[in-house]
2 protein chains.
Amino acid sequence: MATIRDVAKHAGVSVATVSRYLNGKGYVGADTAQAVQRAITDLNYEMNAVARSLTTKQSNLIGLILPDITNPFFPELARAVEDVALTYGYTVVLCNSDENPEKEKNYIETLQKKYVAGFIVTSSQHNRDVYMELKKPMVALDRPIDASIPCVISNNRQGLKDSTRSLIQSGCKELLFVEGPNHIQSASERKQGFEEAMAEVQHVKEHHIQANFHFDESYEKVKAYLTAHPEVDGIATSSDVAALGAIRACTELGLAIPQDIQIIGFDGIQLGEMLSPPLSTVRQDIYKLGAMAARILIKQIEKEPLESLYYEVPVELVHRGTTRS
Amino acid sequence: MATIRDVAKHAGVSVATVSRYLNGKGYVGADTAQAVQRAITDLNYEMNAVARSLTTKQSNLIGLILPDITNPFFPELARAVEDVALTYGYTVVLCNSDENPEKEKNYIETLQKKYVAGFIVTSSQHNRDVYMELKKPMVALDRPIDASIPCVISNNRQGLKDSTRSLIQSGCKELLFVEGPNHIQSASERKQGFEEAMAEVQHVKEHHIQANFHFDESYEKVKAYLTAHPEVDGIATSSDVAALGAIRACTELGLAIPQDIQIIGFDGIQLGEMLSPPLSTVRQDIYKLGAMAARILIKQIEKEPLESLYYEVPVELVHRGTTRS
DNA sequence: GTGAAAGCGCTAACAG
DNA sequence: CTGTTAGCGCTTTCAC
């Protein structure tokens, strides 16, 4: 591994000059530049990232903190982040937090010791303080942390409003809403959307249950509820995985989808399309969410100005096989 | 941020002593140790990982190179790797290669400049040379790279043999096998398993098609094939996602699963259980695969001896809703 | 324009 | 057992 000193010697200049050339700052004469470049290619020189970080106190690492990559919503997000990070020369460190504040804090500290360039975080507000004190570029993804921290998020309220309305329009009279965990802002916004849509109509009965974003809980609670309330003829959920649970519950109860009961999810995970019948849902542009977050983070890292602190990406109702209209 | 020098001063010792204490190597007197520890807690000292890397030429970064985190097989793998990496104090960098040798090479170089500790790689043999030259600890995950590189893998052959046999036992007479891309060794082993099972019986007809591990291609090819060969009464696939495609094809053709046609996948992705009906499959212990790979890599990094270069993890046939037996 | 030199924070001989 | 010292490879004043 050639060092900057080898290059300098080979080119007959000083290391300072090579450094300047490498970083494109400060003056370097045209002929000198030539010589340096030649030396670099001759020696097949590659800069040592660690040494550089030590002096600049800055690396090109990006910390991606999310609850659990195993939740089908996140892989696409992570992929998007990684893709744009790569094109800008950054590298992403994967951190599964399990929504555990301690784990998040740990990762943050570990990465700070590595002079991480910034963070992209999907976390609830339980950990706001940690992030507020963090003197690093960062962006909140899918869930706001604090109004002062740039945030990229879907229009959750509108999405659930749309899905609820569409269920109503296609004739549902007894609507069950499977809420998410309301301490997560995105989830409570979705709930709000549901309620707004319900407020617009008179003769539709509202049913509620709460479940986390997991299959099992959703399945069990929906099944129990439907057993007690067989009049329900439409289900809107706060996540696609919850919708899968609802589908299972309905199937086991012998309900035909969408004839007897309609179901519409939320998220737009890729697996929704692979189902038979495919899942009707409110699709978030998950990839875009991740890509924007990465782009915005990198802007901050590179000291470019941000247009806004709040980026909302639109959401799209997609009717597939589990709804009638 | 306190440095080692601050600690030394505060404790009234030299930096070398502090360093020794920190690393637990070399002698440090009991009382000195006390003083150093006090200084550390007093100053809230945290070691600078970059400076350390610069001298030791070693970091605690692990590169995880896989085709695409968006493929449902990988998130669980990544999670497992991350979990064990964390418990051993390592940090994982996520690299999506798209099976592109250039991208892999790039990541490898980028990470080497950071003194990465080692690599966990899911790659085909197209890139064997790159890895053979790589003087770093590494382990091949899910796909062997070279006999000299430690490898963690499922018993693919046995798995497909089991699934095929079970289809035969439950009465299938016209079996379609949806192959994966055979340049991937795991895929060709699965094919071999299928053929071995078929060789055991007389009056079962064999059908083949090839598809990659993606939904769309599988769906289209299966649909076309079934249209031309309606006699097929059982489908074994080389991946769960391919099975999803097959399910869609059957559904659209009005075939009842598992009454008219049985389907069995391979992988054991979590979404298989969330389907209605849930997918029968050959379950790999994906988490274990990832966890073992990480453990084995770390052993190498920490110069512990390896028992073997080949770790095969068993596979389990699970009958759920898409098969009759 | 270019070079000399002083670090960045830590480790690792080598003395003592 | 402990301290001195010379780097690791690069950036960055500050002179020339």
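**A pocket beside the DNA-contacting segments of a predicted model**

Among the elements lining the second largest pocket, α4(A) makes the greatest contribution, with five residues. The model described here is a predicted one. The volume of this second largest pocket is about 1,000 Å³, and its lining comprises 31 residues, among which M1(A), E46(A), M47(A), N48(A) and K113(B) are those nearest the centre of the pocket. Both chains take part in the lining, since at least two residues each come from α1, α2 and α4 of chain A and from α6 (101–112) and α7 (128–133) of chain B. By class, the lining of the second largest pocket holds 14 nonpolar, seven polar and ten charged residues.

The organisation of chain A gives the setting for these elements. The domain assignment divides chain A into domain 1, spanning 4–47, domain 2, made of 58–154 + 287–314, and domain 3, spanning 156–284. The centres of domain 1 of chain A and domain 2 of chain A, taken over C-alpha atoms, are separated by 36 Å. Two UniProt annotations concern the beginning of chain A. In an unreviewed UniProt entry, residues 2–56 of chain A carry the feature "domain: HTH lacI-type"; in the model, residues 2–56 of chain A are 71% helix and 0% strand, with 20 Å between the end C-alpha atoms. The annotation "domain: HTH cro/C1-type", likewise from an unreviewed UniProt entry, covers residues 3–47 of chain A, a span that is 69% helix and 0% strand and whose end C-alpha atoms lie 7 Å apart.

The surface near DNA strand D draws on both protein chains. There are 26 residues around DNA strand D, and those that come nearest are I4(A), Y45(A), R20(B), G29(B) and T32(B). At least two residues of this surface are supplied by each of α1 (4–11), α2 (15–23) and α4 (49–56) of chain A and by each of α2 (15–23) and α4 (49–56) of chain B. The element that gives the most to the surface near DNA strand D is α4(A), with four residues, and α4(A) is also the element that gives the most to the lining of the second largest pocket. Ten nonpolar, twelve polar and four charged residues make up the surface near DNA strand D. On the DNA side, 65% of the atoms of DNA strand D within 4 Å of the protein belong to sugar or phosphate, and the rest belong to bases.

Several individual contacts between chain A and DNA strand D can be described. A backbone N or O atom of N48(A), a residue that is also among those nearest the centre of the second largest pocket, lies 3.1 Å from a phosphate oxygen of DNA strand D. In R52(A), a polar side-chain atom is placed 3.1 Å from a phosphate oxygen of DNA strand D, while an N or O atom in the side chain of T55(A) is 3.5 Å from a sugar or linking oxygen of that strand.

DNA strand C is likewise surrounded by residues of both chains. Of the 26 residues around DNA strand C, the nearest are T17(A), G29(A), T32(A), I4(B) and Y45(B). Each of α2 and α4 of chain A, and each of α1 (4–11), α2 and α4 of chain B, supplies at least two residues of the surface near DNA strand C, to which α4(B) gives the most, with four residues. The surface near DNA strand C contains ten nonpolar, twelve polar and four charged residues. Of the atoms of DNA strand C within 4 Å of the protein, sugar or phosphate accounts for 68%, and bases account for the rest. Polar contacts to DNA strand C include one from K57(A), in which a polar side-chain atom lies 3.0 Å from a sugar or linking oxygen. From chain B, an N or O atom in the side chain of S19(B) is 2.9 Å from a phosphate oxygen of DNA strand C, and an N or O atom in the side chain of N23(B) is 3.2 Å from a phosphate oxygen of this strand.

Some details of backbone geometry complete the description. Most residues other than glycine have a negative phi, and most peptide bonds are trans. N44(A), which is not a glycine, has a positive phi of about 55° and is located in the loop between α3 (30–43) and α4 of chain A. The peptide bond from S276(A) to P277(A) is cis, with omega near 0°, and P277(A) belongs to the loop between α12 (271–274) and β10 (281–284) of chain A. In chain B, a cis peptide bond with omega near 5° leads from I257(B) to P258(B), and P258(B) lies in the loop that runs between α11 (240–252) and β9 (262–267).

Terms used:
Residues are numbered from 1 along each chain as its sequence is written. Chains are lettered from A and ligands numbered from 1 in the order in which they are written. This is a predicted model: local features need pLDDT of at least 70, side-chain atom pairs count only at pLDDT 80 or more; totals for chains, interfaces and linings use all residues. Side-chain values use heavy atoms; hydrogens and water are left out. Domain bounds come from an automatic or database domain assignment. UniProt positions are given in the numbering used here, feature names are shortened, and annotations may be inferred rather than shown by experiment. A residue is near a molecule or strand if one of its heavy atoms lies within 4 Å of it. A polar contact is a pair of N or O atoms within 3.5 Å; within protein, one must be able to donate a hydrogen and the other to accept it, and residues adjacent in sequence count only if both atoms are side-chain atoms. Ala, Val, Leu, Ile, Met, Phe, Trp, Tyr, Cys and Pro count as nonpolar, Asp, Glu, Lys and Arg as charged, and the others, Gly among them, as polar. On a 1 Å grid over the protein atoms alone, a cavity is a set of points where a 1.4 Å probe fits but cannot get out, and a pocket is an open set with protein on both sides within 12 Å along at least five of seven lines; lining residues have an atom within 4 Å of a point. Grid points are joined across faces, edges and corners, and a volume is the space filled by probe spheres set on the points.
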